[in-house]
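Got the viewer open? Let's walk through this one a selection at a time.

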Amino acid sequence: MKLLHEKIRKDGKVFAGNILKVDSFLNHQIDVKFMEALGEEIARRFSSCGVTKVLTVEASGIALAFPVAQKIGCDMVFAKKSQTKNLGSSVYSTPVESFTHGCVYDIRVAKEYLNEDDVVLIVDDFLANGNAVRGLLDIVKKAGAKPAGVAIAIEKGFQDGGKRLREDGVRLESMAIVESMDATTGEIVFAD
Ligand code: 5GP
């Protein structure tokens, strides 16, 4: 998606350790108009899938999942990373290895918000090794729901999460695929 390429080139910052920072529009400050445009594009691509729910994981996925759900006209659920008192014990949960924090944590969704009648579109900000998406797919499976596919803002194509998901037959739509990036020069090359 050209618009996202331009935005990443203009505002993205490449850090050592294969980290792309997009705090000015996606991960800290949210460019609401821009998220709306991304959401519209994702909703368009999945418009024939009968999606009944958009699923993401807190916190960074929410800003994109919200406009996607709004455009589709369904509800959005975000998996929680901690067992809060008000979440209750009736949850689907699965462990996820964090790319940015280097630890394993459980993600949880209350059973009342996902069921076997749901067709679920998974949305997230980044795809790196694919652990967050695989965790969300596992939650969908545990709920007996049907996965419609996965939509990602920025896939880091030099990490193998996307490749493995596509090999597994998952429908994956990434709005931008970064082929390479250089922390020294700041250069970013896109695959698409
Ligand atoms: P994965 O589970 O695919 O390895 O990593 C995806 C998750 O890690 C995303 O939910 C995102 O929050 C975080 N992440 C992975 N790579 C990056 C990155 O380069 N920049 C930022 N800001 N987050 C990332």
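Start with the shell around the ligand: by class, seven of its residues are nonpolar, six are polar and three are charged. Keep in mind that you're looking at a predicted model. The shell has 16 residues altogether. Show Leu20, Ala128, Asn129, Gly130 and Lys156 as sticks, and you have the closest ones.

Next, colour by secondary structure. Which elements give two or more residues to this shell? They are β2 (19–21), β7 (119–127) and α5 (131–143). Pick out β7 in particular, since β7 hands over four residues, the largest share of the shell.

Now turn on distances from the ligand's oxygen atoms. Three are worth drawing:

- Alanine 128: a backbone N or O atom of this residue is 2.8 Å from a ligand oxygen.
- Alanine 132: here a polar backbone atom lies 2.8 Å from an oxygen of the ligand.
- Aspartate 125: this time the side chain takes part, with an N or O atom 3.3 Å from a ligand oxygen.

While you're there, put a surface on the ligand. On its own the ligand would expose 500 Å², and the protein buries 90% of that.

Hide the ligand and look at the space around it. Where does the ligand sit? Its place is in the largest pocket, which has a volume of about 610 Å³. Select the lining: 29 residues, of which Ser60, Phe99, Thr100, Asp125 and Phe126 come closest to the pocket's centre. Asp125 should look familiar, as its side chain is the one that was 3.3 Å from a ligand oxygen.

Which elements each supply at least two residues of the lining? Select β2, α2 (23–27), β7 and α5. Once again β7 gives the largest share, four residues. Colour the lining by class and you get twelve nonpolar, nine polar and eight charged residues.

Two backbone stops are left. Jump to the loop between β3 (53–57) and α4 (62–72), where you'll find alanine 59. Check the peptide bond that joins glutamate 58 to alanine 59: this bond is cis, with omega about -5 degrees.

Last, go to the loop between β1 (13–15) and β2 and select asparagine 18. What is phi of asparagine 18 near? Its value is near 60 degrees, so positive in a residue that isn't glycine. Both stops are worth a look because most residues other than glycine have a negative phi, and most peptide bonds are trans.

Note on methods
Residues are numbered from 1 along each chain as its sequence is written. This is a predicted model: local features need pLDDT of at least 70, side-chain atom pairs count only at pLDDT 80 or more; totals for chains, interfaces and linings use all residues. Side-chain values use heavy atoms; hydrogens and water are left out. A residue is near a molecule or strand if one of its heavy atoms lies within 4 Å of it. A polar contact is a pair of N or O atoms within 3.5 Å; within protein, one must be able to donate a hydrogen and the other to accept it, and residues adjacent in sequence count only if both atoms are side-chain atoms. Accessible areas come from the Shrake-Rupley method with a 1.4 Å probe; for residues, only the protein chains shown count as cover. On a 1 Å grid over the protein atoms alone, a cavity is a set of points where a 1.4 Å probe fits but cannot get out, and a pocket is an open set with protein on both sides within 12 Å along at least five of seven lines; lining residues have an atom within 4 Å of a point. A molecule sits in a cavity or pocket if more than half of its atoms lie within 2 Å of its grid points. Ala, Val, Leu, Ile, Met, Phe, Trp, Tyr, Cys and Pro count as nonpolar, Asp, Glu, Lys and Arg as charged, and the others, Gly among them, as polar. Grid points are joined across faces, edges and corners, and a volume is the space filled by probe spheres set on the points.
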